[in-house]
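Subject: The structure we talked about

Hi,

Here is the structure for you to open and turn around on your screen. Have a look at it, then read on for what turned up.

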Amino acid sequence: MGWGDILMAMGDAKAVHESTGKRIVMPENRVFSGNTYWGAAYESLEYIIRPDEVAADEDVYPFRNGIEITPYIDWSKSTKNKMHFVPYKPKPAELRFSLQMNQQLTNLKRKLGEFIFIEPHVKGSFSAKNKDWGFENFQKVVDEVEATFVQPSYGAALLRGVTPIKTSSFLDGAAVLSIAKTAVMSEGGLMHAAAAVNVPSAIIFGGFVSPENTGYEMHTNFFIGGEPCGSLEPCKHCQSAMKKINPRKVAKKLKQLFKA
């Protein structure tokens with residue numbers, strides 16, 4: 001469970017709060033009680049609280065793992081080698097940045113002008129190889145589109161011709177993304193951040209998971225169709241799916257989004 005799941009839960013929490021008026025209690029576990037999420041993402045959201053913050057007479061809405069958290073996965077059918085997905089439409093989360101960060105973003109925007117945010121890397125999780133479009137394909141997109149590209153810099157390889165912006169956390173990257181004109185990346189945490197900060201983006205899905213499970217209508221989703229694989233081990237189906245996504249088609253869509 002990572003930032004993508006956190007942001008989907010935050011989006012659902014916002015929607016439930018708006019419809020019921022209740023504050024949302026996130027489950028007390030190693031993921032949601034950790035400083036990473038509470039301090040960075042939840043602290044400024046008054047409608048998301050910890051279990052120990054609930055008043056004795058307060059009517060709250062408790063989120064539960066596997067139901068309100070990761071509702072796009074059928075855990076009863078999933079195994080250690082394969083995820084079983086179910087239809088789900090995530091709702092954009094709400095991300096708030098500090099006054100200091102907003103000032104830095106204003107200065108950065110003034111310096112760079114309009115730009116395209118690009119992230120060619122995928123999180124090194126068990127499904128990473130099946131969600132990796134390939135560094136060289138992202139490079140082809142950069143070479144094809146005449147625009148300023150910004151890539152978060154945190155020690156991973158940088159594409160040629162991009163402007164690197166140093167980031168020390170996921171939310172640093174999301175903050176830079178928030179001032180982009182458009183973006184391109186693989187399905188994952190930053191895709192959900194793009195929805196949260198309302199940046200129309202080109203998203204590489206491939207064949208591991210479908211936009212019907214985790215995608216947003218505001219994005220252009222590159223998916224080969226059919227049943228998503230869900231394999232947690234490297235598989236030929238996912239490799240084949242990624243090869244079918246043409247960098248020129250992705251570049252063409254980015255040009256349209258950048259000029260819109």
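Let's begin with helix α5, which covers residues 170-177 and is mostly covered: eight of its eight residues are buried. They are Phe170, Leu171, Asp172, Gly173, Ala174, Ala175, Val176 and Leu177. Before you go further, keep in mind that this is a predicted model.

**The cores**

Leu177, at the end of that list, is a good way into the inside of the protein. The largest nonpolar core has 60 residues, and Leu177 is among those with the most contacts inside it, along with Met10, Leu95, Phe117 and Met185. Several elements give two or more residues to this core: α1 (3-20), α2 (35-42), α3 (99-112), α5, β7 (182-186), α6 (189-196) and β8 (201-206). Which of them gives the most? That is α1, with eight residues. As a general rule, nonpolar side chains in soluble globular proteins tend to be buried together.

What does Leu177 touch, if you leave aside its neighbours within four places in sequence? Its contacts are Phe117, Ala183, Met185, Leu190, Ala193, Ala194, Val197 and Val199. Apart from the largest core lies another one, of 20 residues, including Ile118, Trp133, Val141 and Val142.

**The strands**

Phe117 and Ile118 bring us to β4. Ile116 and Ile118 point one way from this strand, Phe117 and Glu119 point the other way, and all are buried. β4 runs parallel to strand β5 (residues 149-153), and two bridges join them; here Phe117 stands opposite Val150. β4 also pairs with β7 in the parallel sense, over four bridges, and in that pairing Ile116 stands opposite Thr182.

There is also an open sheet of three strands, in the order β2-β1-β3, with parallel pairing. Its edge strands are β2 (48-49) and β3 (61-62), and each pairs on one side only. Strand β1 (residues 24-25) is joined to β3 by two bridges, with Ile24 opposite Tyr61.

**The largest pocket**

Now for the open space. The largest pocket holds about 1000 Å³. It is lined by 39 residues, and the closest to its centre are Trp3, Gly4, Lys123, Gly188 and Gly189. The elements giving two or more residues to the lining are α1, α5, β7 and α6. α1 gives the most here, with four residues. Sorted by class, the lining has 19 nonpolar, 15 polar and five charged residues.

**Some loop residues to click on**

Try Ser125 in the loop between β4 (116-119) and α4 (135-144). Is Ser125 buried, exposed or partly exposed? It is partly exposed, because its relative accessible area is 28%, and the partly exposed class sits between the cut-offs of 20% and 50%. The C-alpha atoms of Ser125 and Gln103 are separated by 33 Å, with the two residues 22 apart along the chain.

Ile224 sits in the loop between β9 (220-223) and α8 (236-243). Ile224 is also partly exposed, at 34% relative accessibility. Not counting residues up to four places away in sequence, Ile224 touches Gly206, Gly207, His237, Ala241 and Lys244. Its C-alpha atom and that of Cys238, a residue 14 places away along the chain, are separated by 9.8 Å.

Last, two backbone angles. Most residues other than glycine have a negative phi. Thr70 has a phi near 55 degrees, a positive value in a residue other than glycine. Asn198 also has a positive phi, near 60 degrees. Where are they, and how covered are they? Thr70 lies in the loop between β3 and α3, and Thr70 counts as buried because its relative accessibility is 5%, with the cut-off for buried being under 20%. Asn198 is in the loop between α6 and β8, and Asn198 counts as exposed, at 58% relative accessibility.

If you want a place to start clicking, go with Leu177, which belongs to α5 and touches Phe117.

Cheers

Key
Residues numbered from 1 in each chain as written. Predicted model: local features only at pLDDT ≥ 70, side-chain atom pairs only at ≥ 80, totals over all residues. Heavy atoms only, no water. Buried < 20%, exposed > 50% of the residue type's maximum accessible area, 1.4 Å probe, protein only. Core = buried A, V, L, I, M, F, W, Y, C linked by side-chain atoms within 4.5 Å. Contact = heavy atoms within 4.5 Å. Pairing = 2+ DSSP bridges. 1 Å grid on protein atoms, 1.4 Å probe; cavity = no way out; pocket = protein on both sides within 12 Å on 5 of 7 lines; lining within 4 Å. Points joined across faces, edges and corners; volume = space filled by probe spheres on them. Nonpolar A, V, L, I, M, F, W, Y, C, P; charged D, E, K, R; others polar.
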